[in-house]
Amino acid sequence: MAEDCIFCRIAAGEVPAEFVNEDEHFVAFPDLHPQAPVHLLVIPRTHVASLDEAEALDPAASAGALAFIAATARAAGVAKGGYRVVANTGPDAGQEVGHLHWHVIGGKRLGGMA
Ligand code: AMP
Ligand code: ZN
């Protein structure tokens with residue numbers, strides 16, 4: 001756990017968030033500033049700074065990541081209509097929180113990719 005990391009603190013239950021899905025490796029909760037009717041964040045419970053450090057993730061967590069994201073989208077009710085998964089990585093992508101996370105965005109017809 002990185003002491004100054006807000007997402008580590010959320011995963012540890014020190015900062016409140018509503019877990020809409022969770023397992024041994026990941027938790028999912030609503031983004032504080034939603035950009036769409038459904039806007040969730042999926043994060044690993046362990047601190048990994050970004051997708052650029054993917055190799056630091058527990059191999060078992062890596063193996064389950066896509067299925068966890070898909071199950072989260074299904075539980076949020078956006079699987080049928082469709083959704084977008086985004087991992088902002090580094091400055092050019094505008095990554096603000098230095099703990100790996102995937103945005104799961106849906107619930108409306110989304111605009112084009114930047
Ligand atoms: P990114 O630009 O990909 O690093 O996005 C970070 C996201 O984390 C932003 O969409 C923020 O709204 C969101 N965020 C920051 N702090 C919190 C928090 N305490 N709870 C939920 N979402 C948060
Ligand atoms: Zn962290």
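Which backbone N or O atom lies 3.0 Å from an oxygen atom of ligand 1? That of Val97 does.

## Basis of the model

This is a predicted model: local features need pLDDT of at least 70, side-chain atom pairs count only at pLDDT 80 or more, and totals for chains, interfaces and linings use all residues. Residues are numbered from 1 along each chain as its sequence is written, chains are lettered from A and ligands numbered from 1 in the order in which they are written, and side-chain values use heavy atoms, with hydrogens and water left out.

## Polar contacts to ligand 1

A polar contact here is a pair of N or O atoms within 3.5 Å. Besides Val97, two side chains reach oxygen atoms of ligand 1. Asp31 places a polar side-chain atom 2.5 Å from one. His103 does so at 2.8 Å. Alone, ligand 1 exposes 510 Å², and the protein buries 85% of that (Shrake-Rupley method, 1.4 Å probe).

## The shell and the pocket

Ligand 1 is surrounded by 16 residues (a heavy atom within 4 Å). The closest are Asp31, Asn88, Glu96, His101 and His103. By class, the shell holds eight nonpolar, six polar and two charged residues. Asp, Glu, Lys and Arg count as charged.

Ligand 1 sits in the largest pocket. "Sits" means that more than half of its atoms lie within 2 Å of the pocket's grid points. A pocket is an open set of points on a 1 Å grid where a 1.4 Å probe fits, with protein on both sides within 12 Å along at least five of seven lines. Two elements, α1 (6–11) and β2 (26–30), give two or more residues to the shell. α1 gives the most, with three. Helices are DSSP runs of at least four residues, strands of at least two.

## The sheet

Five strands form an open sheet in the order β1-β2-β3-β5-β4, with antiparallel pairing. Strands pair if DSSP finds at least two bridges between them. β1 (21–22) and β4 (83–86) are the edge strands, each pairing on one side only.

Five bridges join β3 (residues 38–44) to β5 (residues 102–106). Val42 has Trp102 as its bridge partner in β5.

How values were computed. A polar contact is a pair of N or O atoms within 3.5 Å; within protein, one must be able to donate a hydrogen and the other to accept it, and residues adjacent in sequence count only if both atoms are side-chain atoms. On a 1 Å grid over the protein atoms alone, a cavity is a set of points where a 1.4 Å probe fits but cannot get out, and a pocket is an open set with protein on both sides within 12 Å along at least five of seven lines; lining residues have an atom within 4 Å of a point.
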